[in-house]
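Hi everyone, thanks for making the time. I'd like to walk you through one structure this morning, so please have a look at the screen.

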Amino acid sequence: MNSVVFGELQYEYGWNGKVTLDWYGESREIDLLISGEADEEIDPLQCDSFQTFKESWTVIEESLLNEILSYYVDLRADLGYSDNSNEEYPEITDNEEIKKMITLDMVVIPLSGIYNGRSVGLAFSCDWDPENGLGVLLVDEKINEIGYSDIVF
């Protein structure tokens, strides 16, 4: 399917495509997943969520690393690594360090109605937990939740 909003999409457990985003000065092509069924139209709220996300990306990007760093520091403390050295969870103190430990793999547009507002998920791979990854859920272009990557699917 060719969508005016999303571009070329293929269906496999949801509508799959690509989106190009600026990642802190570097243009990157990221996987895109729009939740839905093959025999249903993509919901207008999903289209609005995606368009508004793209328009707001530079503002979202400004707070993203700070929030992920804060999440990481708290997670490291919760796991008991704040006092001890751990290879997988090294002490990190700035955004440049956290940026080196994460890779944005996918932008996910959930089904409409799951959250109150426009919703977009960001799925990352991360050095500290390659099995579970990192997920950031945005609602109305604000960070709503950070956790394992499964929160965005």
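Before I start, one definition: when I name helices and strands, I mean DSSP runs, helices of at least four residues and strands of at least two, numbered from the N terminus. And please keep in mind that this is a predicted model.

With that naming in hand, let's go to Tyr13, which sits in the loop between β3 (10-11) and β4. Its phi is near 60°, a positive value in a residue other than glycine. Is Tyr13 buried or exposed? Its relative accessibility is 75%, so Tyr13 counts as exposed.

Tyr24 also has a positive phi without being a glycine, at about 50°. You'll find Tyr24 in the loop between β4 and β5. With 26% relative accessibility, Tyr24 counts as partly exposed.

Now for the helix I'd like you to look at, α1. How far does α1 span between its end C-alpha atoms? A straight helix of 35 residues would cover 51 Å at 1.5 Å a residue, but α1 spans only 40 Å. There is a kink in α1 of about 65°, and it is centred on Trp57.

The two ends of the helix have details of their own. At the start of α1, a side-chain oxygen of Asp43 comes to within 2.7 Å of the backbone nitrogen of Leu45. Just after α1, Gly80 adopts a positive phi of about 85°.

Staying with Trp57, let's talk aromatics. How many aromatic pairs does the structure hold? There are 9 of them. One is formed by Trp23 and Trp57, a stacked pair with 6.5 Å centre to centre and 25° between the planes. This pair links distant parts of the chain, with Trp23 in strand β4 and Trp57 in helix α1, 34 residues apart. Trp23 is buried, because its relative accessible area is 4% and the cut-off is under 20%. Trp57 is buried as well, with a relative accessible area of 4%.

Another pair is Tyr81 with Tyr89: the ring centres are 5.1 Å apart and the planes are at 35°, so this one is tilted. Within that pair, Tyr81 is partly exposed at a relative accessible area of 24%, whereas Tyr89 counts as buried at 9%.

Which residues join Trp23 and Trp57 in one aromatic cluster? They are Tyr24, Phe53 and Phe124, so we meet Tyr24 from that β4–β5 loop again.Phe124 brings us to the core. The largest nonpolar core has 39 residues, and those with the most contacts inside it are Ile68, Val107, Leu122, Phe124 and Trp128. Two or more residues each come from β4 (15-23), β5 (26-34), α1 (44-78), α2 (95-101), β6 (102-109), β7 (119-126) and β8 (134-139). Which element gives the largest share? That is α1, with 12 residues. As general background, nonpolar side chains tend to be buried together in soluble globular proteins.

If you centre your view on Phe124 and leave aside its neighbours within four places in sequence, its contacts include Trp23, Leu64, Ile68, Ile102, Leu104, Leu134 and Val136. Apart from this core lies another one, of 8 residues, among them Met106, Val108, Leu137 and Ile151.

Let me finish with some polar and charged residues. Glu61 lies in helix α1, and Glu61 is buried, with a relative accessible area of 6%. What does Glu61 touch beyond four places in sequence? Its contacts there are Asp22, Trp23 and Tyr24.

Arg76 is in helix α1 too, and at a relative accessible area of 9% Arg76 is buried. Not counting residues up to four places away, Arg76 touches Tyr81, Ser82, Asn84, Tyr89, Pro90 and Glu91. Both rings of the tilted pair, Tyr81 and Tyr89, are among those contacts.

Last stop, Asn86, in the loop between α1 and α2. With 14% relative accessibility, Asn86 counts as buried. Its side chain reaches the backbone nitrogen of Glu88 at 2.8 Å.

That's my tour, and I'm happy to take questions.

Notes
Residues numbered from 1 in each chain as written. Predicted model: local features only at pLDDT ≥ 70, side-chain atom pairs only at ≥ 80, totals over all residues. Heavy atoms only, no water. Core = buried A, V, L, I, M, F, W, Y, C linked by side-chain atoms within 4.5 Å. Buried < 20%, exposed > 50% of the residue type's maximum accessible area, 1.4 Å probe, protein only. Contact = heavy atoms within 4.5 Å. Phe/Tyr/Trp six-rings, centres within 6.5 Å; stacked < 30°, edge-to-face > 60°. Expected span 1.5 Å × (residues − 1). Bend = angle between axes of the 7 residues up to and from the residue. Polar contact = N/O pair within 3.5 Å; in protein donor to acceptor, adjacent residues only side chain to side chain.
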